[in-house]
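Biologist: Could you take me through this one slowly? I'd like to hear the reason behind each label.
Modeller: Sure, ask away.

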Amino acid sequence: MKLLLIEDDRALASALSKALSNEAFVVESALTGQGGLDAIGKFDPDIVILDLGLPDIDGTNVLRKLRATHKSLPTLILTARHTTQDKVNALDLGADDYLQKPFEMAELLARIRVLVRRLGTSSTNTINHQNVSLDVAAQTISVNGTTLIITRREFMILKTLMENIGRIQTKDYIESKLYGWGEIIGSNTIEVHVSNLRKKLPANFIRTVRGLGYTVSNVLDDKTQA
Amino acid sequence: MKSIRLFLIVVLLSTICIVNFTAALNGYNRSTEAGNSLLDDRLKSMSLMIVRLNDIHGDVGSDTFNNESIFQIWRHDTLLSKSANAPSSMLISGNSDFHIVNSASVQWRIYSLNRADSDIHVVYGERYDLYRQLIDGIILASLLPIVWVIPVFAMLIWFIVGYGLKPLSSFAEKIRKRSAQELRVIEFEGLPNELLPLLDSTNTLFERLSEAFAREQRFAADAAHELRTPLTGLKVSLHNLQQELPEEDSNLINLQACANRMENSIEQILALYKLNSKMFRQTLSKCRLKELVRATMIDLFPAIALKQQDVEFIADDVVIDGDEFALSMLVKNLIENASKYTPNYGVILVTIKEAGEHTVKITIEDSGPGLSEVDYQRVFDRFYRVGGDRHSSGVIGAGLGLSIVNHVVTLHMGDISLSRSSALGGLKVIVSLPKTQSEESL
């Protein structure tokens, strides 16, 4: 998996290269916008990580040029700017994801994994968490190696949750995802599907956070032991 | 002096009145004097004429004169002739002179003529009261218009002064109508020379202010980049180090703790900086409070989940006038505090409730130890130490966080109160915010 990092801060670029190499990515690093655009042709990356604050060409312009030639090259934006407008701009220009500095390395890796899975290469098709594993390509879920019988919608909901482990997904967001997949849903369908999923999954795998949404927690619930 | 127009009218009118009355009084005196000397000249010449007539004819004829004049002709003590209305006694004796005499119940101006070359003594007079009436009538007729014209003057001055001050008032109106955010230079055609320095200095002030704002915004953006990028480098390097070191290294743990603290402080300082400039340039818009608080809580959830705390969010769907960034900073800091001071497995409850027509209450309560009532006051003392020594507070970042909370509450003309949560037993923070902001506060 080839990864192009366009980031002007040398220290950050080299630390990131190293961290990503440790995760078995082949990383090419560019310190300028132009250098990055040149490298896309030569290096032919699978994923681009782009910083917005570049010295020569503004990151949004790099993204615009990149999109002109590579319509579907997965691109993740890094930025020190924290305004909503920046985020909206970046996503409007066709960025696949957006991460604000400073970020946790685990967060960046999780986001990259989502992009990798979207590429559909075989080795990274499954998301494993605790004893549950979700195969994105085969659209199956198994617990302790036993494949569950699930509906398409249940699979979509769990995929959304497991792609964002540790974070809350609101009911509205999950609904909009289902709409995006062409599903037609009633007002309490999400509750019904989640309740059905819960019956098939280990206890407390999907947690409800009242008033906020659903989450698959990355923290082992040791409440019972404490 | 409250109004230039009023001042000018009062001063100008009083000046005009004083000058007019002085002139009128002077004119009255002079006219009276002139009138009197005219009468006296006539009395003199009439007396001489009577003497001459008497010399020639030996008689003047008492019917020669009408009722409004009077005469007597004496030779020594003998009355030679007199008008019908004259008494038989001598009206005036003595030398040639003018007198005012009352006779037949009217006032007369009388001249008594004693000629040195003759023993004839003539007394001649005319109705002085009538004459005075005539003179006074004439003088009054010429003076009265000056008095009548004063109200007209007043009105004219009112309009003229108003017209003259028009550029000043439209200039003032132009400044008044500007919104607080507008710092463009004022364009003003046809401003009189006297007001040009005012326009110039106002524009200089606006220019400086907008430069300062631009500088501040640039600085905030630069500072954000300059601080966040190396911090990210630091965190990623720490991540790499963690991969390489064989086991939990105490140095690494310390470094990570420091980096996290620094991250927290940097974000707080940047937020405070941004809020400070918002104090001057408010950009309030309609905020959907429920969505805003939910988004903030979702951002905070990973840290809360790490402490295995339960969060719960119950909200009315309320729209308020507010600043999105500021409000999310308010909620973020209060919930972070709640999570920080509540032990593992604790509960945090966030509610948004409409309180009457104009107010909405955001309540954050937890199952932590809470504060004693003495501490409520202490915490509030720290709240109001805005701009003071924020660094001396015992809890890391608490001073900054509370400053932010206070800033946001002030920015929205809201109110904050602390108490003990009856439901959870810990601290209960209630932030009351008005749903709509009045015009002045914008």
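Biologist: What makes B:Phe219 partly exposed?
Modeller: Its relative accessible area is 47%. Buried means under 20%, exposed means over 50%, and partly exposed is in between, using a 1.4 Å probe and protein chains only. So B:Phe219, at 47%, counts as partly exposed. Before we go on: this is a predicted model, where local features need pLDDT of at least 70, side-chain atom pairs count only at pLDDT 80 or more, and totals for chains, interfaces and linings use all residues. Residues are numbered from 1 along each chain as its sequence is written, chains are lettered from A and ligands numbered from 1 in the order in which they are written, and side-chain values use heavy atoms, leaving out hydrogens and water.

Biologist: How many aromatic pairs are there over all chains?
Modeller: There are 2. Rings of Phe, Tyr and Trp (its six-membered ring) pair if their centres lie within 6.5 Å; planes under 30 degrees apart are stacked, over 60 edge-to-face, and the rest tilted.

Biologist: Why is the pair of B:Phe98 and B:Tyr111 called tilted?
Modeller: The centres are 4.5 Å apart and the planes make 35°. That angle is neither under 30 nor over 60, so the pair is tilted. B:Phe98 sits in strand E3 (residues 97-103) of chain B and B:Tyr111 in strand E4 (residues 106-114) of chain B, so the pair ties together parts 13 residues apart in sequence. Helices (H or I, at least four residues) and strands (E, at least two) are DSSP runs, numbered from the N terminus.

Biologist: Is B:Tyr111 buried or exposed?
Modeller: Buried, with a relative accessible area of 5%. B:Phe98 has 23%, so that ring is partly exposed.

Biologist: What makes the pair of B:Phe219 and B:Tyr273 tilted?
Modeller: Their ring centres are 5.3 Å apart and their planes stand at 55°, so tilted is the word again. B:Phe219 belongs to helix H3 (residues 196-244) of chain B and B:Tyr273 to helix H4 (residues 250-280) of chain B, so this pair links parts 54 residues apart in sequence. B:Tyr273 is partly exposed, at 27%.

Biologist: Which ring does B:Arg5 lie over?
Modeller: The face of B:Trp158, at 4.1 Å from the ring centre. A charge sits over a ring if NZ of Lys or CZ of Arg is within 6 Å of the ring centre and within 35 degrees of the ring normal. B:Arg109 lies over the face of B:Tyr128, at 5.9 Å from the ring centre.

Biologist: On to chain A. Which residues are buried in helix H3 (residues 59-69) of chain A?
Modeller: A:Gly59, A:Thr60, A:Val62, A:Leu63, A:Leu66 and A:Arg67. They cover an arc of only 155° around the axis (taken from the directions from the helix axis to the C-beta atoms), which puts them on the same side of H3(A). The face turned away from that buried side carries the exposed A:Ala68 and A:Thr69.

Biologist: How do you know that the span of helix H1 (residues 10-22) of chain A agrees with what it should be?
Modeller: The expected span is 1.5 Å times one less than the number of residues. For its 13 residues that should be 18 Å, and the end C-alpha atoms are 18 Å apart, which agrees. Just after H1(A), A:Ala24 takes a positive phi of about 70°.

Biologist: And how many disulfides are there over all chains?
Modeller: The structure holds 0 disulfides (pairs of cysteine sulfur atoms within 2.5 Å). Among the cysteines, B:Cys287 is buried at 0%, and B:Cys258 is partly exposed at 47%.
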